[in-house]
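Here is a short briefing to read with the model open beside you. It goes topic by topic, so feel free to jump to the part you need.

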Amino acid sequence: MINYNIYDVIIIGGSYSGFSAAMTLGRSLRKVLIIDSGKPCNQQTPYSHNFITQDGKKPSDINAKAKKQVLKYPTVTFVEDKVIKSLKKETVFEIQTERKEVFLARKLLFTTGLKDIFPEINGFAECWGISILHCPYCHGYEVKNEKTGIIANGAIGYEFTKMISNWTKDLTVFTNGKTTLTEEQTAVLRKNNVAVVENEIDYFLHNEGKIMSIIFKNGAKTPVKALYAKPPFEQHTLLPQELGCEITEQGLIKVDEFQKTTIAGIYAAGDNSTFGRSLALAVSTGSVAGTIINKELIEEYFLKT
């Protein structure tokens, strides 16, 4: 069914960045539709940190509170659905959803996040966000000075190890196969008492996502309290690319300092276009996007009058 009522902005993807933008736009008297499928990438993470006023809160609780506050603004509407198609039609964008709804908007904002691609190691997915971590700023304090592993190799492993050494000195790098660290990098790690283990990982022994040990294919076993990893990722949706938005070499939606994509009228904010994956950054970029979208709408109105 086509909704011929044109929204000022459709936000595809809710969560922190989307709700942040929606609050800015709602307070700017903009007619906004948020379409979200209800599957945030941090849904398994038990607690959020390094987000001022919300430190230690459950991500789901923060999200629910944000949604409640945003929907107090009468011009903001929320629909739980999944966008499956988007088209540019002259002066508006047409959005089609899984439930066969069609909506129109003058501007689009993608806050769709990223999808992590987990290695095929039993236990990894179950521990992700609980004891296998991506960010020391988000979770490092809670496992400070604990026996910690880093699943990485080469230059990425070397740089990641340097960073994590700020939170614990009891570190081991698990390359999960032959090391690609240079001799110089290995020597520096050794000087800092960081061991490098090349054994291939079989599975992670854990209790409800709390890792206890790494079990290797050769039968060896190493106890750890936490692991850091940087799995590859992909965009949750190909819709921005289908609309012509440029993607960076790193796989992020290319945006400028105002969260504008390379296609006029389309914006992106949050993890899908930002290197730092944190709630605070998602909220920040969402606020910027909402402000700039409103500014553009104001300018377009003035040019027509």
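In strand β15, A229 stands opposite I151. That pair belongs to the pairing of β15 with strand β9 (residues 148-151), which is parallel and runs over 4 bridges. Keep in mind that this is a predicted model.

**The sheet around β15**

- On the other partner, strand β8 (residues 132-133), the pairing with β15 is parallel too and covers 2 bridges.
- Here I132 is the residue that stands opposite L227 of β15.
- The wider setting is an open sheet of 5 strands, paired in parallel, with the order β8-β15-β9-β10-β11.
- Its edge strands are β8 and β11 (195-197), each of which pairs on one side only.
- In a regular strand, side chains alternate between the two faces of the sheet.
- Strand β15 (residues 226-229) has A226 and Y228 pointing one way, with L227 and A229 pointing the other way.
- All four of these β15 residues are buried.

**The second largest pocket**

- A229 turns up again here: along with H134, K230, F275 and R277, A229 is among the residues closest to the centre of the second largest pocket, out of 31 that line it.
- Two or more lining residues come from each of β7 (114-116), α4 (136-139) and α5.
- By type, the lining of this pocket holds 21 nonpolar, 7 polar and 3 charged residues.
- The space in this second largest pocket comes to about 750 Å³.

**T161 in helix α5**

- Where does T161 sit? Its place is in helix α5, which covers residues 154-164.
- Is T161 buried or exposed? T161 counts as buried because its relative accessible area is 2%, and the cut-off for buried is under 20%.
- Leaving out residues up to four places away in sequence, T161 touches I150, L171, V173, L189 and V194.

**Helix α8 and E296**

- Helix α8 (residues 279-304) has 26 residues, so at 1.5 Å a residue it should span 38 Å, and its end C-alpha atoms are indeed 38 Å apart.
- An α-helix has 3.6 residues a turn, so residues three or four places apart point the same way.
- The buried residues of α8 include L279, A282, T285, G286, A289, G290, I293 and L297.
- Also buried in α8 are I292, N294 and E296.
- E296, which is found in α8, counts as buried because its relative accessibility is 17%.
- Which residues does E296 contact, apart from its neighbours within four places in sequence? They are K107, K260 and Y267.
- E296 and the pocket residue R277 are 19 residues apart along the chain, and their C-alpha atoms are separated by 27 Å.

**Helix α1**

- Helix α1 (residues 15-26) reaches 16 Å from its first C-alpha to its last over 12 residues, close to the 16 Å expected at 1.5 Å a residue.
- How many of the 12 residues of α1 are buried? The count is 11, so α1 is described as mostly covered.
- Among the buried residues of α1 are Y16, F19 and L25, along with S15, S17, S20 and T24.
- G18, A21, A22 and G26 are also buried in α1.

**Two loop residues with positive phi**

- Most residues other than glycine have a negative phi.
- T53 has a positive phi, near 75 degrees, and is not a glycine.
- T53 is found in the loop between β2 (32-36) and α2 (59-70), and its relative accessible area of 64% makes it exposed.
- K100 is not a glycine either, yet its phi is positive at about 65 degrees.
- The loop between β5 (92-97) and β6 (102-110) holds K100, which is exposed with a relative accessible area of 67%.

**The chain as a whole**

- The chain has 8 helices and 17 strands.
- Its C-alpha atoms fill a box of roughly 70 × 35 × 35 Å along the principal axes.
- Buried residues make up 48% of the 305 in the chain.
- Of the contacts in the chain with a separation of 6 or more, 58% are between residues 24 or more positions apart.

Terms used. Residues numbered from 1 in each chain as written. Predicted model: local features only at pLDDT ≥ 70, side-chain atom pairs only at ≥ 80, totals over all residues. Heavy atoms only, no water. Expected span 1.5 Å × (residues − 1). Buried < 20%, exposed > 50% of the residue type's maximum accessible area, 1.4 Å probe, protein only. Contact = heavy atoms within 4.5 Å. 1 Å grid on protein atoms, 1.4 Å probe; cavity = no way out; pocket = protein on both sides within 12 Å on 5 of 7 lines; lining within 4 Å. Points joined across faces, edges and corners; volume = space filled by probe spheres on them. Nonpolar A, V, L, I, M, F, W, Y, C, P; charged D, E, K, R; others polar. Pairing = 2+ DSSP bridges.
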